[in-house]
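Trainee: I would like to learn how to read a sheet and a surface patch from a model. Where do we begin?

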Amino acid sequence: MRLPGLDTVADGIGKVTRRFPFAMIVALIGTASAYSVVHFESLEDEWSLYRLLMTSVLGFLLFVVLQLKLEREKMKGGYALLIKLIGAVFLALYYWQLPNDFDFASSAFIIRFFLLGLTLLFSLTFVPFIRHVKEVNGFWQYCKTLFIRFFLTFVFTGTLYLGLVLALVGVKELLGINFDEKLFFELWIVIVGLISTSFFLLGIPESTAALQKKTDYHRGIQIFAEYVLTPLILIYAVILYIYTGKIILNWDWPEGMVSWLIIVFSIATILANFMLWPLLKKEVYVKYFQKISYALLIPMTMVMFLALKIRIDDYGITEARYYGMVVCFWFLAMSLYFIFSKKKNLLVLPVSLCIITLLSSAGPISSMNISKWSQMNRLKTALIESGILIDGKVQKIEGEIDKELIATISSSLDYIIEVHGFEVLQPWFDEKLSFSRYDSCYRTECVTRLMGIKYLYQWERGAEAPIEPVRESKHFYVTENSPLRIEGYSEIIPFHISILKEDEGNVVVRENPLRLIYTDSDEKEKTIEFEALLTDLEQNVTELKKWDEMRIDREEIGIAIQSINYQRNPDNTLNEYFFMDGYLLIRD
């Protein structure tokens with residue numbers, strides 16, 4: 001196996017651009033967006049670049065899929081252009097519906113992004129064979145080519161990046177030329193976004209119809225499937241059956257462990273049978289292995305179903321449990337199909353997965369819709385039982401309620417607000433729910449305050465865990481419209497601290513005394529204490545501040561805090577949840 005040189009890759013990029021012009025255009029747009037996010041820190045319209053990046057990733061996959069289908073059906077000219085333009089319209093609509101600010105958006109758009117990406121990836125594996133379902137051998141050869149090309153792309157990308165990184169390190173260490181370390185990440189973005197994508201597309205067969213006549217079987221695949229994967233599956237099956245038998249006898253179900261073990265076993269089984277498919281009619285043992293391995297899956301899917309049902313009965317449906325159930329039934333369906341069906345068409349695998357991911361991404365039976373319905377009902381039941389929800393409206397409760405109910409309310413609100421946004425709770429409240437980064441409490445905690453109960457953190461929800469005393473939240477932020485004064489400083493560095501004891505990055509915060517530590521490119525530390533600043537801020541009742549009230553200037557370094565959000569424990573120490581945004585000011 002010989003990896004190509006850079007000259008070959010350069011020629012390949014031109015060839016790929018001619019074959020997949022739309023895909024390469026969006027790849028360039030996505031690469032430029034990712035590069036801009038990294039290179040230009042704290043851009044005013046940063047979220048638009050993230051939206052453009054997400055749209056470009058899906059656009060790249062979409063235009064590759066469309067091109068492969070057009071090639072197979074020999075569609076050219078205006079009709080092909082029209083289909084691609086329709087694809088571009090869908091991408092524009094997708095970009096338009098993405099949130100403008102990711103910080104305070106629900107995570108539903110991220111879940112949908114991954115589901116649409118998976119849908120397009122599954123489509124990539126079978127789209128040339130949609131109207132040619134009998135070409136099973138051609139489909140297998142096509143998937144084999146994609147797999148090998150993906151592996152070569154991974155090796156090529158890693159080798160190229162490692163070589164260039166070592167060259168840059170050599171330039172820095174041997175020649176004394178300094179550069180920003182984010183250049184390494186920028187280099188990775190360019191390689192992955194343009195060179196790797198071009199290299200992968202270059203290996204996709206141009207004539208998928210001719211693959212049906214190919215009979216070659218890669219020796220490496222056969223060795224891996226026969227002598228590595230197959231024995232491991234059988235050994236794993238024995239261990240898994242003993243383990244699940246022990247669980248059933250003791251009726252002690254570990255959280256999530258059983259389902260993950262069965263998922264790994266099932267995927268390995270399906271992968272092994274897929275790899276051995278060309279030998280199905282040549283080797284007798286392959287036929288027996290297929291029936292035995294798929295038969296072993298059926299009891300395991302029943303165990304997985306039972307494990308998931310126990311969790312759903314206790315805590316309701318979430319996206320993870322939804323897909324656990326879907327995968328469980330998919331494993332069962334595929335097992336029965338390959339045991340009893342005479343056709344045993346491999347196309348059933350990616351086509352069914354593509355349909356599942358597409359249907360579950362949006363609509364009435366989507367994972368997010370079903371999960372929201374389940375968790376909202378769970379929350380509603382707890383609120384009614386606790387006396388908080390009366391006649392469809394939240395009433396602030398005065399007395400104490402059972403801790404288990406508070407834990408249920410807290411966990412349900414965590415999920416609902418994080419995944420679906422606090423807007424879905426609005427019908428239960430007379431006052432308008434509106435939260436921002438400048439609130440003195442977190443969104444879930446703000447909602448529980450409106451209900452008259454204390455929000456319980458995850459570690460407080462156990463039966464034996466004590467309810468911690470209420471922490472005092474403090475928040476101050478700059479509302480002044482005038483620009484920040486930086487006279488006397490030569491450099492300004494934006495920073496964001498999210499955890500008090502976080503060790504990552506060149507700007508960290510430490511206690512005793514409370515101080516900010518900046519490590520420059522020469523590994524020299526510069527420190528500035530700001531405990532006194534917090535004391536001064538807390539003495540003033542208002543949370544709205546001017547720049548001059550939120551800054552400290554020292555001989556070598558200064559800080560200008562744009563917003564700071566923290567909690568004080570009853571003993572006046574700071575809680576680890578500490579959020580601070582601002583600018584580091586450096587003198588010559």
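Mentor: With strand order. This is a predicted model, and in it three strands form an open sheet in the order β5-β6-β7, with antiparallel pairing.

Trainee: Which are the edge strands?

Mentor: An edge strand pairs on one side only, and here that describes β5 (507-510) and β7. From one strand to the next, the twist averages 25°.

Trainee: How many bridges join β6 to β7?

Mentor: Two strands count as paired if there are at least two bridges between them. Strand β6 (residues 515-519) and β7 run antiparallel and are joined by five. To place the register, take Arg 515, which stands opposite Glu 529 in β7.

Trainee: Which residue takes a positive phi in the hairpin of β6 and β7?

Mentor: The hairpin has five residues between the strands, and Glu 523 takes a positive phi near 65°.

Trainee: Along β7, which side chains are buried and which are not?

Mentor: Buried means under 20% relative accessible area. In β7 (residues 525-529) the side chains alternate: the face with Lys 526 and Ile 528 is buried, while Glu 525, Thr 527 and Glu 529 point to the other face and are not buried.

Trainee: Now the surface. Which residues form a nonpolar patch?

Mentor: Leu 82, Ile 86, Val 89, Phe 90 and Leu 93 do, and together they have about 490 Å² of accessible area. Of these, Val 89 lies in helix α4 (residues 77-97).

Trainee: Why is Val 89 called partly exposed?

Mentor: Partly exposed lies between the 20% and 50% cut-offs. Val 89 has a relative accessible area of 49%, so it is classed as partly exposed.

Conventions
Residues numbered from 1 in each chain as written. Predicted model: local features only at pLDDT ≥ 70, side-chain atom pairs only at ≥ 80, totals over all residues. Heavy atoms only, no water. Patch = residues over 30% accessible without salt bridge, like charges linked within 9 Å, V, L, I, M, F, W, Y side chains within 5 Å. Areas by Shrake-Rupley, 256 points an atom, 1.4 Å probe, with all protein chains shown as cover. Salt bridge = Lys/Arg side-chain N within 4 Å of Asp/Glu carboxyl O. Helix = DSSP H or I, 4+ residues; strand = E, 2+ residues; numbered from the N terminus. Buried < 20%, exposed > 50% of the residue type's maximum accessible area, 1.4 Å probe, protein only. Axes fitted to C-alpha atoms, helices over the stretch in contact; angles between N-to-C directions.
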